[in-house]
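I opened this notebook to record what I looked up in one protein model. The entries follow the order in which I worked.

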Amino acid sequence: MGSSKEYIEKLRKSGLRPTKQRINICEALFDAEKTFHFTITDLVKIIETKANQKISLATVYNTIHAFQKKGYLKEIAINSSQAYFDTNTTDHHHFFDEKSKELIDLKDEDVHPIKIKKNIPGKKIKSVEVLVRLDSEN
Ligand SMILES: [Zn+2]
């Protein structure tokens, strides 16, 4: 859980003016104690419900992209029409529920270490992140 002082600092470091709307965005993103996965559409809905007022989509976009650039958020690559973001910026794996469009973290203990047998000359592996797609059983 953060304070608005922390959020103002985060916004300034990301090159953004700390407006009330942007602080509302920070609260939606960083107040939750656990990892938060979201699309821009999800986030707009959450903020508008919480603050009971409309927020400009452009403000949400530029804040999220500035935070991503600064490393406060990361984008999770999913072959989807919408970009997914994560407040957990460490390397980790995910389930993606194709029905609910929800991302669920997979912890290290949920996965055996992944061994990559192929080498690319002159290159080293930076990270391995797996996306496991889920479908309903019936
Ligand atoms: Zn995650």
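The entries below go from the overall layout to the domain interface and then to the metal site.

**Entry 1: overall layout.** I noted at the outset that the model is predicted. I looked up the secondary structure and found four helices and six strands in the protein chain. I then read the elements from the N terminus, and their order is α-α-β-α-α-β-β-β-β-β. For the extent of the chain, I recorded that its C-alpha atoms fill a box of roughly 50 × 45 × 25 Å along the principal axes.

**Entry 2: domains.** I looked up the domain assignment, which gives domain 1 as residues 4-84 and domain 2 as residues 90-134. The centres of the two domains, taken over C-alpha atoms, are 24 Å apart.

**Entry 3: the interface.** I asked how many residues of each domain are in contact. The list holds eight residues of domain 1 and twelve residues of domain 2. I recorded a buried area of about 760 Å² between the domains, with carbon and sulfur atoms giving 58% of it. Of the area that domain 1 buries against domain 2, His37, Lys74 and Tyr84 supply 56%, more than any other three residues.

I next looked up polar contacts between domain 1 and domain 2 and found seven residue pairs. On the side of domain 1 that touches domain 2, I recorded four nonpolar, three polar and one charged residues.

**Entry 4: salt bridges.** I reminded myself that side chains of opposite charge can pair when their charged atoms come close. The count for the model is four salt bridges, and two are found across the interface of domain 1 and domain 2. Which residue forms a salt bridge with Glu129? I found that Lys74 does, with the closest N and O atoms 2.7 Å apart. Lys74 also meets Asp91 in a salt bridge, at 3.9 Å from N to O. This second pair joins distant parts of the chain: Lys74 is in strand 2 (residues 74-76), while Asp91 is in the loop between strand 3 and strand 4, 17 residues away.

**Entry 5: the zinc ion.** I asked which residues are the protein donors of the zinc ion. They are His37 (NE2), Asp86 (OD), His92 (NE2), His94 (NE2) and Asp105 (OD), at 2.0 to 2.2 Å from the ion. I wrote their spacing in sequence as H-x48-D-x5-H-x1-H-x10-D. Among these donors, Asp86 in strand 3 (residues 84-86) and Asp105 in strand 5 (residues 102-106) link distant parts of the chain, 19 residues apart. I also noted that His37 appears twice in my entries, as a zinc donor and among the residues of domain 1 listed for the buried area.

Terms used:
Residues are numbered from 1 along each chain as its sequence is written. This is a predicted model: local features need pLDDT of at least 70, side-chain atom pairs count only at pLDDT 80 or more; totals for chains, interfaces and linings use all residues. Side-chain values use heavy atoms; hydrogens and water are left out. Domain bounds come from an automatic or database domain assignment. Contact means heavy atoms within 4.5 Å. Buried area is the accessible area (1.4 Å probe) that two parts lose on being put together, summed over both. A salt bridge is a side-chain nitrogen of Lys or Arg within 4 Å of a carboxyl oxygen of Asp or Glu. A polar contact is a pair of N or O atoms within 3.5 Å; within protein, one must be able to donate a hydrogen and the other to accept it, and residues adjacent in sequence count only if both atoms are side-chain atoms. Ala, Val, Leu, Ile, Met, Phe, Trp, Tyr, Cys and Pro count as nonpolar, Asp, Glu, Lys and Arg as charged, and the others, Gly among them, as polar. Donors are N, O and S atoms within 2.8 Å of the metal (3.2 Å for Na, K and Ca); water is not among the atoms, so sites may look incomplete. Helices (H or I, at least four residues) and strands (E, at least two) are DSSP runs, numbered from the N terminus.
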